[in-house]
Amino acid sequence: MKKLTFLLLFTVVFSYCAMAWDNRGHSTIAYIAERHLTPRAKANIESYIGGRSIVYYASWMDFNRSTPPMDVTRDWHVDYWTDGHRTDADGNPQPPCSLTQVKRIVSEMGNFRELSDSLVNINIKYLVHLVGDMHCPVHIDFPTSRPMKIKIDNKTVKVHAMWDAYVLNSKHNGTSPMQLAEEFDILTAEQIAKVQSSTPDEWHNETVEVSKKVIDMIPESKKITYDNYFNEAIKYAEDRITVAGYRLAAILNSIFDK
Amino acid sequence: MKKFITIIIALLTIQSASAWSRAIHAGIAAIADANLTEQTKEAISQALDGRNIVYSAQWMYDMEKTKGYEQTKNWRSVAVAKNNKPLNAKKSLNHKEDIVRRAQGLEALAAAIRAIEAGGLTKEQLADNIRYIVTIVGDLHCPTHYIYPEALELRKMHYFYNDKKQSYTGYWEHSSIAGTFNWKTNEFVHQLNRKTPEQIAAITKGSITNWVTKNAAEYRNIYTLLESGKKFSQKGLRVWQNSIYPISTEQAAIAGYRIAAILNGLFDSNVANVKIK
Amino acid sequence: MKRFITTLALVCIVGSSSLCFGWGRDAHAAIAYIAERHLTPTAKANIEKCIDGRSIVYYASWLDNHRAENKSWGKLAHVAHYDIATCEPIGKPYKYMKSTINKLKKYRELPDSTVKVSIYHLVHSLGDYHCPGHVAYYDCSGEKPKRLITSSYDIYLKPKKTRMSYHKLWDSGIVQMGQPGWGYMDWGHALDSSVSQEYIDSVTAGSLKDWMKDIATRTQQEYKIYERAPYKDSLCADDELSVVDADMMNDYYEIAAKQILIGGLRMAKIINDIFGE
């Protein structure tokens with residue numbers, strides 16, 4: 001039984017800790033984006049990433065953030081949030097990270113053909129991941145929710161870990177990202193155009209609002225079940241994943257469809 | 001190696017109270033979805049707010065603790081007589097065994113179909129009934145969801161692996177497929193949606209009661225595949241599993257085609273309804 | 001609460017179940033699926049006719065699952081042997097695979113059962129040979145080849161803070177940790193999105209012998225999997241074992257991805273050559 005417990009921990013906790021979406025969430029976002037890329041943008045992008053799909057690199061930033069030289073990107077994923085401002089973990093004011101990075105990369109990639117292949121390659125990997133992170137509710141880390149411990153069954157986890165490992169799984173266990181994209185990508189052309197028309201700053205503000213809601217939804221007892229939390233939370237998760245996919249497509253098309 | 005197998009097996013017992021696993025239900029629904037006509041897809045998409053049936057493949061299970069849906073937990077299985085015909089509701093509801101009283105799957109399925117046929121449903125009621133059909137027909141193709149009141153001891157069948165007692169019905173519900181294939185939802189379609197139109201016609205021929213009666217007869221055979229109490233070696237377990245996965249995967253495919261037949265009958269004016277009796 | 005336990009159980013089953021088999025079910029299925037994506041319609045139809053209309057992906061791990069049932073199937077080895085000096089394949093694994101391919105060239109004249117097992121062998125073992133953990137080097141300078149290096153020893157997997165057999169890490173750990181939650185169709189889609197014909201031609205040029213030599217050479221000189229995590233007696237303590245750290249794991253994910261694609265493209269080449277007419 002010890003080994004069983006270890007494996008449970010090993011699989012569920014270690015493999016997900018402190019990632020915004022898990023690999024499936026990020027892969028689904030990339031799939032949805034891919035379904036809305038123009039053929040020219042898709043071909044241009046894939047010529048920089050060895051003929052692979054952007055889906056392959058959806059979680060690349062998570063896998064590579066611990067080792068130099070990529071460790072500088074470690075803080076690009078999560079925004080600590082105090083009284084309406086982004087701070088570092090100690091409370092010092094900071095610009096929002098993933099938002100700043102996304103804006104920087106988009107501006108840098110304006111003339112991608114003049115950049116080195118390796119820079120375009122890594123910028124694609126950044127965008128594919130960070131637009132997803134920007135839309136993840138627990139990407140905004142409030143001082144109140146940061147230390148909060150959630151009880152799920154007999155397990156105690158932090159809010160962030162709860163979102164990583166449990167929310168999507170509560171309804172879509174055993175479903176591949178390819179299938180999830182098929183199921184989530186159901187907005188009409190008009191709805192998609194509307195979703196894509198806003199700016200990264202607005203996406204960020206939206207995420208702040210959603211983050212507050214999903215934290216408020218946690219019952220006072222901090223004991224979470226399907227009925228008192230996940231049933232509702234999954235709707236936010238699905239919506240944020242879908243919207244992130246459309247917006248990632250918009251950004252990539254704006255850069256590469258030329 | 002052994003420790004991993006032990007862990008897998010240990011985990012299987014945990015969910016033995018569940019039905020077909022979430023992955024299998026979604027896989028079955030995906031096969032069904034691939035066999036819906038355009039007209040049916042359109043009608044269902046409208047009822048389900050643009051979603052497909054795969055999205056709600058196990059919605060009925062998610063809802064069982066929600067107020068107003070408590071009764072759905074009795075809609076997963078069907079009780080049959082010695083001649084394999086389904087027991088009528090009156091007989092099963094008055095049975096002394098709880099497990100028989102709770103086997104109201106066929107009645108619930110029939111009610112869902114009749115409600116859609118009768119029309120006049122609100123959008124929510126229509127959506128609920130579509131989802132019931134998807135989940136219940138899936139479960140009616142899981143052999144361990146057939147209750148044989150004269151042979152309830154079959155449900156206690158078990159085996160040992162690494163000295164741990166394992167339930168046979170629990171094995172069927174997940175590992176009868178997952179013990180051999182790691183298929184994801186869309187992969188069920190790639191692997192199993194391969195029948196010819198003639199084969200599909202044969203699978204979907206007859207009434208739902210006919211299907212259930214035939215299934216009930218056929219599924220009795222699964223209890224001959226295991227000598228209860230058997231102790232398996234690692235190699236023995238693998239060889240034994242090889243005798244099971246061809247059956248479980250075939251039943252998943254059949255369930256998919258039959259869900260599609262029912263829904264096409266209900267929503268496509270060019271397709272004949274599947275009869276209940 | 002059962003739902004959460006089930007969820008956990010499912011995560012773990014999906015995560016661990018294939019740790020007991022070959023290059024892991026997921027990698028085998030991914031390789032066969034990539035192969036399938038590159039089959040000509042004629043080759044696909046012809047090979048599927050020989051295997052009851054199923055996809056070759058269905059049989060990608062058949063040999064792992066069924067090898068205990070028949071001595072001659074058990075002999076179809078999964079690890080390939082090479083002369084360490086030249087990286088040329090030696091011994092039975094290469095001989096058997098060559099003979100299987102030659103047999104299949106006459107598939108129209110052979111009994112169905114022989115054709116089937118030959119296909120199962122091809123779609124499984126060719127995948128295994130592309131796994132760097134299935135490369136075993138021999139000293140062939142003496143009278144009899146002497147086994148020097150195989151992956152059957154423990155390493156310490158730093159990111160997961162655990163010891164693990166190096167063979168198992170390569171077999172399935174890397175693929176599952178590389179893209180948790182993915183199915184074989186995801187792997188196929190992601191790796192094989194717009195691979196150039198030039199690349200396909202370059203990796204499929206030459207004979208089986210050339211390909212195997214290529215695998216052994218890459219494993220030794222480019223991937224350096226034995227040099228980077230050298231053999232240590234598995235009886236030694238965790239902190240004395242060779243360490244595989246996060247950085248190495250990222251390289252390994254990339255190696256596995258590359259080998260899965262190459263394996264699939266080569267499998268397609270063989271099947272198209274044999275079944276394409």
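In which helix of chain C is confidence lowest, and in which is confidence highest? This is a predicted model in which local features need pLDDT of at least 70 and side-chain atom pairs count only at pLDDT 80 or more, whereas totals for chains, interfaces and linings use all residues. Residues are numbered from 1 along each chain as its sequence is written, and chains are lettered from A in the order in which they are written.

**View 1. Confidence along chain C.** The mean pLDDT (the predictor's confidence in each residue, from 0 to 100) is lowest, at 36, in helix α1 (residues 2–16) of chain C and highest, at 98, in helix α3 (residues 41–50) of chain C, helices being DSSP runs of H or I with at least four residues, numbered from the N terminus. Over residues 1–21 of chain C the pLDDT is below 50, although this stretch has 56 contacts in the model beyond near neighbours in sequence, a contact requiring C-beta atoms, placed from the backbone, within 7 Å. Where pLDDT is low, the predicted coordinates should not be read in detail.

**View 2. Surroundings of M162(A).** Leaving aside neighbours within four places in sequence, M162(A) is in contact with I150(A), I152(A), V157(A) and I224(A).

**View 3. The side of chain A that touches chain B.** Here 15 residues of chain A are in contact with 18 residues of chain B, and α1 (2–14), α9 (177–184) and α12 (226–256) of chain A each supply at least two residues of the chain A side.

**View 4. The whole model.** The scores are ipTM 0.87 and pTM 0.90, and chain C averages a pLDDT of 90, with 92% of the residues scoring at least 70.

Note on methods:
Contact = placed C-beta atoms within 7 Å.
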